[in-house]
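User: I have a structure open here and would like to go through it with you, piece by piece.
Analyst: Gladly; put it up and ask away.

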Amino acid sequence: MNAKVIVVTSGKGGVGKTTTTANIGAGLAKLGEKVVVIDVDVGLRNLDVVMGLESRVVFDLIDVLEGKCRMRQALIRDKRVETLYLLPASQTKDKDALDADKMRTVVRELIEEEGFDRILIDSPAGIESGFKTAAAPAEGALVVVNPEVSSVRDADRIIGLLEAQQVREIRLVINRLRPKMVASGNMLSEADILEILGVKPIGIVPEDEGILVSTNVGEPAVLGSSKAGQAFMATARRLRGEDVPFMKLEEDRGFLAALRRLFGGA
Amino acid sequence: MFWGRGKRTKETLKDRLELVLAYDRAQIPPGKVDALRRDLMEVVERYFPTQGRAVGPNVEVEQRGDTVVLVANIPLRGE
């Protein structure tokens with residue numbers, strides 16, 4: 001993707017926006033980009049805990065805007081991946097402390113004065129002001145979608161809104177795909193989702209207990225060896241324009257699966 | 001897993017999603033189309049009166065490429 005400023009969004013909550021932001025951010029930084037991930041969920045911040053940086057939060061995005069600190073003081077540098085930074089949301093302020101213009105100002109400063117290569121904005125759930133604020137400075141979007149009815153419906157709505165906001169590059173991250181269920185015909189496949197939403201996936205991430213384990217300890221999965229971690233890393237590479245084939249979700253192979261296909265079960 | 005059920009559940013889901021997204025994109029509440037269908041039935045009845053029409057007009061919202069279209073299928077003679 002050419003977009004420097006990318007909003008990570010989904011409409012529906014709980015589909016993995018924050019996990020996606022943390023992992024793709026860490027992945028891009030691992031590949032050498034200077035990356036900042038911004039939490040825009042004012043009042044319900046979570047990117048700090050998912051990344052394991054919660055104990056180092058002193059100032060936040062709103063403090064910068066209110067002139068209580070300089071940008072440099074609010075940015076938290078990750079110690080595991082160089083060139084990865086977090087700009088946390090405020091946990092106590094009202095969401096009205098932030099708006100589209102302020103967000104654009106912050107992003108401009110991060111690019112022009114701090115020299116970031118990439119800015120990932122973790123949007124709050126919903127389609128209201130929080131989302132609109134998060135999307136305002138974005139040139140691109142990662143729409144996180146789970147292969148289930150409400151998430152796909154909300155993703156469609158969000159894609160419409162992003163197009164209306166002139167966000168040029170919109171890509172899907174299909175999260176929590178269960179290969180076995182896809183094979184048995186009880187879960188939408190990536191092809192089904194592409195057909196329904198008309199937006200290309202840039203990442204397909206399998207359901208993986210490893211994600212919970214990595215968030216338990218606050219370490220991005222891309223730094224480990226879990227399947228989901230590898231899928232996020234591959235997504236980061238594709239985002240940079242590398243031609244990385246999608247991971248074979250091999251559970252639909254083998255004799256039993258062939259039998260199942262033969263008898264119409266898969 | 002649900003071999004006995006015939007249709008794979010994702011096919012049902014795809015059909016449901018296609019319909020609901022067509023309505024969402026057109027910003028039309030499904031009940032409105034139902035009301036239109038009933039009105040249409042009355043009008044058709046006025047021009048082509050039949051006794052005991054078995055099937056009324058079938059009105060659906062469909063996605064065709066980038067546009068959403070209303071499709072009315074009006075049988076003039078029900079068997």
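User: Let me start with one side chain: is Phe116(A) buried or exposed?
Analyst: Before the answer, please keep in mind that this is a predicted model. In it, Phe116(A) has a relative accessible area of 2%, which is under the 20% cut-off, so the residue counts as buried.

User: How many aromatic pairs turn up over all chains?
Analyst: The search of the whole structure finds one aromatic pair. Its partners are Tyr85(A) and Phe116(A), whose ring centres lie 5.3 Å apart, and because their planes meet at 80°, the pair is classed as edge-to-face.

User: Where do Tyr85(A) and Phe116(A) lie?
Analyst: Tyr85(A) belongs to strand E4 (residues 84-87) of chain A, while Phe116(A) is in the loop between helix H5 (100-112) and strand E5 (118-122) of that chain, so the pair ties together parts that are 31 residues apart in sequence. Tyr85(A), with a relative accessible area of 17%, is buried.

User: Which charged end sits over the ring of Phe116(A)?
Analyst: That is Lys34(A), whose charged end is 4.7 Å from the centre of the ring of Phe116(A). Elsewhere in chain A, Arg238(A) lies over the face of Phe246(A), at 3.9 Å from the ring centre.

User: Changing topic: how much space lies in the largest pocket?
Analyst: The largest pocket holds about 710 Å³ of space. It is lined by 32 residues, and those closest to its centre are Asp156(A), Ile196(A) and Leu197(A) from chain A, with Arg25(B) and Gln63(B) from chain B.

User: And which elements give two or more residues to that lining?
Analyst: From chain A they are helix H7 (149-164) and helix H9 (190-197), and from chain B they are helix H1 (9-26) and strand E1 (58-64). H1(B) gives the most to the lining, with nine residues.

User: What does the lining of the largest pocket have by class?
Analyst: By class, the lining has 14 nonpolar and 13 charged residues, along with five polar ones.

User: Since chain B comes up there, what is its secondary structure?
Analyst: Chain B has two helices and two strands, and from the N terminus on these elements run α-α-β-β. Of its 79 residues, 16% count as buried.

User: What pLDDT does chain B average?
Analyst: The average pLDDT of chain B is 78, and 78% of the residues score at least 70. Among the elements of chain B, H1(B) has the highest mean pLDDT, at 89, and E1(B) has the lowest, at 80. As a general caution, where pLDDT is low, the predicted coordinates should not be read in detail. For the model, the scores are an ipTM of 0.75 and a pTM of 0.85.

User: Back to the backbone: which residue between E3 and E4 of chain A has a positive phi although it is not a glycine?
Analyst: That is Thr83(A), whose phi is about 70°, and its place is in the loop between strand E3 (76-77) and E4 of chain A. As background, most residues other than glycine have a negative phi. Thr83(A) has a relative accessible area of 26% and is therefore partly exposed.

User: What about Gln166(A), is it buried or exposed?
Analyst: Gln166(A) counts as exposed, at 63% relative accessibility. This residue has a positive phi of about 65° although it is not a glycine, and it lies in the loop between H7 and E7 of chain A. Arg168(A) also lies in the loop between H7 and strand E7 (169-177), and with a relative accessible area of 58% Arg168(A) is exposed.

User: How many Å separate the C-alpha atoms of Arg168(A) and Glu195(A)?
Analyst: They are separated by 20 Å, with the two positions 27 residues apart along the chain. For Glu219(A) and Gly52(A), which are 167 residues apart in sequence, the C-alpha to C-alpha distance is 6.0 Å. Glu219(A) is in the loop between helix H10 (209-217) and helix H11 (227-239) of chain A, and at 35% relative accessibility Glu219(A) counts as partly exposed.

User: Last one: where does Gly43(A) lie?
Analyst: Gly43(A) lies in the loop between strand E2 (35-39) and helix H2 (47-50) of chain A, where it counts as partly exposed at 27% relative accessibility. The C-alpha atoms of Gly43(A) and Ala97(A) are separated by 11 Å, and the two are 54 residues apart along the chain.

Note on methods
Residues numbered from 1 in each chain as written. Chains lettered and ligands numbered in written order. Heavy atoms only, no water. 1 Å grid on protein atoms, 1.4 Å probe; cavity = no way out; pocket = protein on both sides within 12 Å on 5 of 7 lines; lining within 4 Å. Points joined across faces, edges and corners; volume = space filled by probe spheres on them. Helix = DSSP H or I, 4+ residues; strand = E, 2+ residues; numbered from the N terminus. Nonpolar A, V, L, I, M, F, W, Y, C, P; charged D, E, K, R; others polar. Phe/Tyr/Trp six-rings, centres within 6.5 Å; stacked < 30°, edge-to-face > 60°. Buried < 20%, exposed > 50% of the residue type's maximum accessible area, 1.4 Å probe, protein only. Lys NZ or Arg CZ within 6 Å of the ring centre and 35° of its normal. pLDDT = per-residue confidence, 0-100.
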